[in-house]
Amino acid sequence: MDATTFAQLLTPAGIVIAGALVTSLVQLLKGALPTLGDRVSGALQAFAISLAIYVLAGIATGASTLDAGLVVFESWLACALAAVGTYSAARHVADSR
């Protein structure tokens, strides 16, 4: 199994990987630090974690042009929407039980 790189997070498959990573981290944080989960919504956590990952991806890949920055932004936006949407959908299902 190959290691995931920041550059791969800028591809469609990498966005899916990042979305799963962010969703998993939010669930881990909510389980390990319940007081954090009580104070900060999972959607906001997903937003912040995905932003941090994609800022690092921009730095790691040397995104120094506006076009490169746009690729990083679009990738972050897709990841954030997926992660926040996944969290919101899971919460909706849990609340409807």
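1. The largest nonpolar core of this predicted model has 15 residues, and those with the most contacts inside this core are Val22, Ile53, Tyr54 and Cys79. The elements that each give two or more residues to this core are helix 1 (12-32), helix 3 (42-60) and helix 4 (66-95).

2. Tyr54, one of the core residues just named, deserves a closer look in the viewer. When its neighbours within four places in sequence are left aside, Tyr54 is in contact with Leu9, Leu10, Gly14, Ile15 and Ala18, and also with Val72, Ser75, Trp76 and Cys79. Cys79 therefore appears twice in this account, being listed with Tyr54 among the residues with the most contacts inside a core of buried nonpolar residues joined through side-chain atoms within 4.5 Å, and being in contact with Tyr54 itself.

3. As to the overall fold, the secondary structure of the protein chain comes to 4 helices and 0 strands, so that the order of elements from the N terminus on, with helices and strands taken as DSSP runs, reads α-α-α-α. Of the contacts between residues at least 6 apart in sequence, 69% join residues at least 24 apart.

4. On dimensions and burial, the C-alpha trace spans about 45 × 30 × 20 Å along its principal axes, and buried residues make up 26% of the 97 residues in the protein chain.

5. Turning to the surface, the protein chain exposes about 6200 Å², of which carbon and sulfur atoms supply 70%. The chain has 4 positive and 5 negative charges, and the mean positions of these two sets are 19 Å apart.

How values were computed
Residues are numbered from 1 along each chain as its sequence is written. This is a predicted model: local features need pLDDT of at least 70, side-chain atom pairs count only at pLDDT 80 or more; totals for chains, interfaces and linings use all residues. Side-chain values use heavy atoms; hydrogens and water are left out. Buried means under 20% relative accessible area, exposed over 50%, partly exposed in between (1.4 Å probe, protein chains only). Contact means heavy atoms within 4.5 Å. Accessible areas come from the Shrake-Rupley method with a 1.4 Å probe; for residues, only the protein chains shown count as cover. Lys and Arg count as positive and Asp and Glu as negative; His and the chain ends are not counted. The place of a charge is taken as NZ of Lys, CZ of Arg, CG of Asp or CD of Glu.
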